[in-house]
Amino acid sequence: MQEDVTRDPQLLKGVLPMLVLALLHRQESYGYELVTRLRAAGLESIAPGTVYPVLTRLEREGRLASRLEASNSGPARKYYLPTDAGSQALTAGRASWGHLCDVVTKILSETPSPGRTDRPTTTIPSGA
């Protein structure tokens with residue numbers, strides 16, 4: 001069973017803006033709809049309280065534009081769509097992510113030589 005990445009908030013924090021931009025690049029969405037799309041994509045336990053601050057920050061940075069649309073089931077919904085700056089950030093993020101994945105895969109796939117004896121040791125200073 002695969003562990004839900006949302007349980008590692010630091011890992012998620014680094015990639016969530018890129019994921020939000022990617023999903024909004026495909027289809028304009030309002031906040032809670034975006035949460036359900038993230039859940040459907042595999043982030044099952046992501047909370048709205050994690051996503052809404054990302055939307056606010058991306059909009060403040062000029063990477064998202066928004067519009068209000070009346071809703072039959074309650075208050076107006078705020079729909080988000082990437083701006084040109086958001087699309088450029090997504091392109092740059094994809095390139096950075098690809099490079100990082102390559103580096104991580106390389107490091108994790110390297111195995112120590114058989115019989116390796118040069119493992120670092122930890123010493124505790126006297127008087128500690």
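This tour moves through a predicted model, starting at the sheet, going on to the helices beside it, and ending at a single serine.

**The sheet**

Begin by selecting residues 29–30, 64–71 and 74–82, which are strands E1, E2 and E3 respectively. Together they make an open sheet of three strands in the order E1-E3-E2, with antiparallel pairing. E1 and E2 are the edge strands, each of them pairing on one side only. As background while you look at the backbone, strands of a sheet pair through backbone hydrogen bonds, either parallel or antiparallel.

Next, look at the two pairings separately. Between E1 and E3, which run antiparallel, there are two bridges, and a useful pair to label here is Tyr-30 with Tyr-79 of E3, since these stand opposite each other. Between E2 and E3, also antiparallel, there are seven bridges; select Ala-65 and you will find Leu-81 of E3 opposite. E2 and E3 form a hairpin, with two residues between the strands.

**Helix H3 on the sheet**

Now add residues 48–60, helix H3, which packs on the sheet and touches E2 and E3. If you draw the directions of the two elements, that of H3 makes about 125 degrees with that of E2.

**Helix H2 and its buried side**

Move to residues 31–40, helix H2, and show the side chains of its buried residues, namely Gly-31, Leu-34, Val-35, Arg-37 and Leu-38. Because they cover an arc of only 165 degrees around the axis, these residues lie on the same side of H2. The general geometry is worth recalling at this point: an α-helix has 3.6 residues a turn, so residues three or four places apart point the same way.

Which elements do the buried residues of H2 pack against? Display helix H1 (9–26), E1, H3 and E3, and you have the partners. Then step past the end of H2 to Gly-42, which follows the helix and has a positive phi, near 130 degrees.

**Ser-71**

Finally, return to strand E2 and select Ser-71, which lies in it. Is this residue buried or exposed? Its relative accessibility is 16%, and because the cut-off for buried is under 20%, Ser-71 counts as buried. With a distance monitor switched on, follow the side chain of Ser-71 to the backbone nitrogen of Ser-73, which it reaches at 3.1 Å. Once neighbours within four places in sequence are left aside, the residues in contact with Ser-71 are Ala-76 and Arg-77.

Note on methods
Residues are numbered from 1 along each chain as its sequence is written. This is a predicted model: local features need pLDDT of at least 70, side-chain atom pairs count only at pLDDT 80 or more; totals for chains, interfaces and linings use all residues. Side-chain values use heavy atoms; hydrogens and water are left out. Two strands pair if DSSP finds at least two bridges between them. Helices (H or I, at least four residues) and strands (E, at least two) are DSSP runs, numbered from the N terminus. Contact means heavy atoms within 4.5 Å. Axes are lines fitted to C-alpha atoms, for helices over the stretch in contact, and angles run from 0 to 180 degrees between N-to-C directions. Buried means under 20% relative accessible area, exposed over 50%, partly exposed in between (1.4 Å probe, protein chains only). The arc is that of the directions from the helix axis to the C-beta atoms. A polar contact is a pair of N or O atoms within 3.5 Å; within protein, one must be able to donate a hydrogen and the other to accept it, and residues adjacent in sequence count only if both atoms are side-chain atoms.
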